[in-house]
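Hi,

Here is the structure I promised to pass on. Have a look at it first, and my notes come after.

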Amino acid sequence: MIKKILEEGKKVGFSAIEVFRKKTEKTIHKDENIQKTIHTINTDNIIIRAFRNTGSPVGFIISTPDIKKIREAFHTMYSAYIPDNRKNYAQLLPGKIQNVNINIFDEDSYKAIDKNSFLELKEKLFETQVALFPGLKIERVNFSKMLKKVYITNTMMFDTSKPKAKYNKTSFNIDILFSYKGNLIETTNNKPSFSQIDHSRIVSRAYNLLNSLTENTKVSVPVDHLLLSPEASSTILREFSEYFKLNSKKKLKNISFPQALTIIDNPQLNEQSNFFPFDDEGVQSSENFLIEKGFIKEQITNIQSGFENKKYSTGNGFRTDSSIFPEIKFTNLYIKPSTFPFSTLHSDAGKGILISLIKLVRIEENMYTFSAYGYEFSNDDINRDRPIHIYLKTSIEAYFLNILKVSKEIRFFYNKINVGSPYILLEPGKKTGNLFEL
């Protein structure tokens, strides 16, 4: 089929063709109040990107592999678009790809996990909630498993001994809505293997976050430092992530940051949600240092943006379910941990606030204001009986410059992209009431 597609594109007059095929099987279990449903969705999409000798590429999506429809689409595209004389990036399509040993395909687990497996997991969640966290309530549980098969080739790759690249990937996703003392929070966990889903950690995380929500804004201890939990720090990094895309309008000032700060996007981070051997353009995945020991290194890009900026793709070109052309996306984005345990950061902090949950409130030019919830601490004592609500206002540069230490503990949090962080020890900046401005 793939060889036939390339031949049809060449016959019409295109000089280079890329074929991306994604087959998915997704089974969804929904359990909300009295409503319980199970359904399976199967898709098989072929996405074509075609180049003439000059000008921008054109493309189309075929949901049912049908060579007649593909031939018609090639003719329609060729006749409907007249290219300009500008050089394009067809020559940058990869001609080969290396095999990568990746642990993202759990076929046995995928076949074995069924309705009963979901019910058992749900029961464990409820048992943990009732036994350890009185007052915490599970309002909704949605579970899904997905098998994805990806194939990609292009005219350059097909001329080599390996005409196509492919991989299989499984993912298990659980979304839970929790309530506690009138507050709601939704958590998402996504893993390549079902065995990685830890029901006790899911419930304890939800309780810790909900327990920190409060209207108390009175800071009662001197604040020497702020301590950010991995979840809070990951949220901030997620909001700042646009600065690390090559095509972004947001630009990070070229200054030296603390040596403790190293930020990486790594699609080959084993057993993480966004582990890929290559991106949706067939570019080999690799570890990309965005900031290394305080020094700005690079931004992520795809083939098109790299070509426009005279750089090579970092392997971050990925398609959404509805996009024909790859967009620039992160995979596993994280702050590199250190060798310091949390106890060292806590000891160095003296008195201050441990921030467990943070939410973006607004952006004004380059300043971000976050609503933050956590607990006051004094030396080794963390007052979890009296949560505190503060605000943190900062720019990306000010936030990074005020980082003193990072811990060795790291956790990842999935929401389309997978973002991770250790604990962060932070200078508190200027304090006005319950507003801290860096």
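Below is what turned up when I went through the side chains.

Keep in mind that this is a predicted model.

Let's start with the aromatics, since there are 24 aromatic pairs. One of them is Y167 with F276: the ring centres are 6.2 Å apart and the planes sit at 65 degrees, so this pair is edge-to-face. It links distant parts of the chain, with Y167 in strand β5 and F276 in the loop between β8 and β9, 109 residues apart. Y167 counts as buried at 5% relative accessibility, and F276 does too at 8%.

F276 also pairs with F318, and here the centres are 5.0 Å apart with planes at 45 degrees, so the pair is tilted. F318 is in strand β11, so this pair ties together parts 42 residues apart in sequence. F318 is buried as well, at 7% relative accessibility.

Elsewhere, ring pairs join F240, Y243, F257, Y368, F370, Y399 and F400 into a cluster. F240 is also among the buried residues of helix α7. Eight of the 11 residues in that helix are buried, so it is largely enclosed by the rest of the structure.

Then there's Y375, in strand β15. Its relative accessible area is just 1%, so Y375 is buried. Its contacts include N208, N211, G352 and P387, and its side chain reaches the backbone nitrogen of S212 at 3.3 Å.

Two lysines are worth a look too. K145 lies over the face of Y110, 4.5 Å from the ring centre, while the charged end of K405 sits over the ring of F340, 4.6 Å from its centre.

Cheers

Technical notes:
Residues numbered from 1 in each chain as written. Predicted model: local features only at pLDDT ≥ 70, side-chain atom pairs only at ≥ 80, totals over all residues. Heavy atoms only, no water. Helix = DSSP H or I, 4+ residues; strand = E, 2+ residues; numbered from the N terminus. Buried < 20%, exposed > 50% of the residue type's maximum accessible area, 1.4 Å probe, protein only. Contact = heavy atoms within 4.5 Å. Polar contact = N/O pair within 3.5 Å; in protein donor to acceptor, adjacent residues only side chain to side chain. Phe/Tyr/Trp six-rings, centres within 6.5 Å; stacked < 30°, edge-to-face > 60°. Lys NZ or Arg CZ within 6 Å of the ring centre and 35° of its normal. Lists of a residue's contacts leave out its neighbours within four places in sequence.
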